[in-house]
Amino acid sequence: MKKQILTLMLLAAAVSLHADELPLLGNVFNRQHTSLNGEWNYIVDVQETGYYGYRLDKLRNGFFINAKPQRPEDLVEYDFDKADKMTIPSDWNTRDERLFFYEGTVWFKRSFTHHKQPGHRALLYFGAVNYEAVVYVNGREVGTHVGGFTPFNYDVTNLLRDGENFVIVKVDNKRRAENVPTLIFDWWNYGGITRDVLLVDVPETYIQNYKLSLDRTNRKQINFSLQLNSKTAGQAVTVSIPELKIKQTFTTDADGHVGATLKVKNLQLWSPDNPKLYNVELTLANETLTDAIGFRTIETRGKQLLLNGEPIFLRGISMHEEKPNGGGRANGTEDARKLLTWVKELGCNFVRLAHYPHNEHMVREAERQGILVWSEIPVYWTIAWTNEQTAANAAGQLTAMIHRDQNRANVIIWSIANETPHSQQRDAFLSRLAGKARELDDTRLISMAMEVTSASNYHNRLQDNMNQYVDIISFNQYIGWYRDVNDAAKMTWEVPYDKPVIVSEFGGGAKAGMHGETNQRWTEEFQENLYRENTAMLDKIEGLAGTTPWILKDFRSPRRLLNGVQDYYNRKGLVSDGGEKKKAFYVLQEWYKSKK
Ligand code: GCB
């Protein structure tokens with residue numbers, strides 16, 4: 001018995017030694033890795049017995065130990081191997097009907113075989129877990145991550161054994177006031193390990209991340225930076241882009257960093273009409289990493305938006321990250337292709353990936369198809385503006401979003417918030433975020449979807465202190481739906497800033513297949529008419545550089561409760577949750593033809 005207690009005490013001590021989350025590993029899917037996607041066992045733990053039981057009484061097992069009775073009389077009140085299985089990545093709400101509305105803790109466990117190799121390190125990477133993840137490897141706590149839509153990784157080399165191993169993740173999606181997003185938001189709070197899980201194999205010294213981008217003012221120059229995982233000086237790094245006849249070797253400085261410029265000739269610029277990507281190869285002593293990278297510039301001049309120096313109108317659409325048919329979290333190239341087929345059919349060259357960073361497969365697929373991207377963090381409606389932890393959380397999500405996608409030519413806008421009520425505390429919070437985005441990336445523009453404050457009923461004046469911090473003035477407006485039904489024709493707009501304008505949302509709800517007069521809510525005709533009137537109105541906004549109507553597809557929301565019509569769906573989609581196109585789809589399609 002004594003020996004047993006000692007073992008448990010040692011284990012309890014060991015679990016508090018956790019590894020820190022590492023800076024994000026760039027370009028993870030092109031590295032050597034083992035996928036840990038697939039079947040995971042799961043235990044729904046409403047009262048967090050497997051967590052707090054252990055915290056209160058150090059002699060009791062937490063579920064992360066994955067205990068098994070050793071003798072017939074041993075008491076172990078859980079068994080992962082007898083628990084149900086769920087395919088990961090996914091969300092538990094659509095995978096287990098008992099969990100449709102569930103917000104709480106679920107434990108996930110997966111076993112895998114690993115062969116330890118000297119000189120190699122193993123990084124455990126999660127594409128996203130909503131919302132909080134506590135990660136354990138072989139019974140040891142590795143770390144805790146908060147934020148449901150951004151990737152994170154840990155070095156687990158020293159926790160792995162040669163042979164059989166297991167990883168356990170405690171996932172908790174309870175909403176909390178101090179979280180980002182906070183307690184209320186208009187989308188389904190899908191819980192679970194919603195994106196890919198990989199065990200990435202890297203050498204001792206490896207490329208943490210890198211960035212290649214076209215110089216903003218000199219299109220004959222590519223700016224190149226690279227960071228090793230450690231401050232190792234004197235490492236030779238070769239960058240080669242065969243098609244551009246570039247092959248140059250640089251040496252890391254005392255910080256393990258390379259900062260250099262590459263001269264280019266005859267570069268084909270990436271654009272929606274020619275989404276040209278170049279194969280890039282980065283080589284370090286024991287590592288070769290490849291990527292496909294496009295080069296372009298994006299800037300503003302007065303009220304104009306310029307891609308590669310030419311004015312562009314962003315024919316966009318907003319979207320949530322939900323599967324094309326029937327809901328649930330989308331992930332992967334196949335879901336992305338299906339969703340983007342509708343985007344292309346609408347005649348779009350732009351998507352607003354609302355209201356959080358979408359999965360990397362979506363961004364890459366959009367890049368291959370020539371679709372520009374607005375990427376956003378879930379600073380949505382109200383946030384605990386004066387809470388420093390909340391600010392650090394939002395800054396962390398912004399950093400991860402930028403570090404993951406900084407080589408994607410199609411990503412042109414980082415959005416730092418959506419519809420945030422004006423206040424000094426908000427301005428203080430958001431201006432810091434804008435500063436952070438600029439510090440991390442000077443090759444993209446910054447915006448946020450703002451609220452409209454009207455000067456009078458029919459005169460809309462865009463005034464927001466945050467306008468001084470952003471490059472593009474974006475706002476959401478619901479004339480014809482929440483406001484001023486049938487009055488779009490009378491509206492005038494004033495945007496008193498010398499910056500381009502994006503209408504980041506407009507729209508109204510319709511249930512596919514419901515028909516009637518244009519003044520009857522929820523009919524396709526009502527929505528169709530709203531799109532007609534709104535597009536005519538938007539044409540009169542000076543400096544309009546694009547729109548992203550709300551929204552491509554009906555999506556699940558716990559705030560949409562009208563029986564027989566909404567049934568927990570926000571019905572503002574141009575396509576229904578089952579994939580049928582509504583009449584308004586064709587109005588937008590027509591309008592976009594006139595914007596080419
Ligand atoms: C908004 C929000 C969006 C909602 C939408 C609506 O302004 O930004 O998240 O879903 O309105 O349908 O009300």
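Let's start at the ligand in this predicted model: one of its oxygen atoms sits 3.3 Å from an N or O atom in the side chain of tyrosine 478. Two acidic side chains join in as well. A ligand oxygen is 2.5 Å from an N or O atom in the side chain of aspartate 186, and for the side chain of glutamate 419 the corresponding distance is 2.3 Å. On its own the ligand would expose 320 Å², and the protein buries 97% of that area.

Widen the view a little and you will find 14 residues around the ligand, with Asp186, His355, Glu419, Tyr482 and Lys572 coming nearest. Sorted by class, this shell is made up of 5 nonpolar, 4 polar and 5 charged residues.

Now let's turn to the enclosed spaces. There are 8 cavities of 30 Å³ or more in the structure. The largest holds about 90 Å³ of space, and 13 residues line it. If you want to find its centre, look for Asn130, Tyr131, Pro181, Phe185 and Asn189, the lining residues that lie nearest to that point. The lining of this largest cavity comprises 5 nonpolar, 5 polar and 3 charged residues.

The second largest cavity, at about 80 Å³, takes us elsewhere along the chain. Its lining includes Leu212, Ser213 and Leu214, together with Gly294, Phe295, Gln406, Asn407 and Thr443. By class, 4 of the residues lining the second largest cavity are nonpolar, 5 polar and 3 charged. Where does this cavity lie with respect to domain 2 and domain 3? Both domain 2 (207-295) and domain 3 (299-506 + 534-552 + 582-593) contribute lining residues, so the second largest cavity lies between them.

Note on methods:
Residues are numbered from 1 along each chain as its sequence is written. This is a predicted model: local features need pLDDT of at least 70, side-chain atom pairs count only at pLDDT 80 or more; totals for chains, interfaces and linings use all residues. Side-chain values use heavy atoms; hydrogens and water are left out. On a 1 Å grid over the protein atoms alone, a cavity is a set of points where a 1.4 Å probe fits but cannot get out, and a pocket is an open set with protein on both sides within 12 Å along at least five of seven lines; lining residues have an atom within 4 Å of a point. Grid points are joined across faces, edges and corners, and a volume is the space filled by probe spheres set on the points. Ala, Val, Leu, Ile, Met, Phe, Trp, Tyr, Cys and Pro count as nonpolar, Asp, Glu, Lys and Arg as charged, and the others, Gly among them, as polar. Domain bounds come from an automatic or database domain assignment. A residue is near a molecule or strand if one of its heavy atoms lies within 4 Å of it. A polar contact is a pair of N or O atoms within 3.5 Å; within protein, one must be able to donate a hydrogen and the other to accept it, and residues adjacent in sequence count only if both atoms are side-chain atoms. Accessible areas come from the Shrake-Rupley method with a 1.4 Å probe; for residues, only the protein chains shown count as cover.
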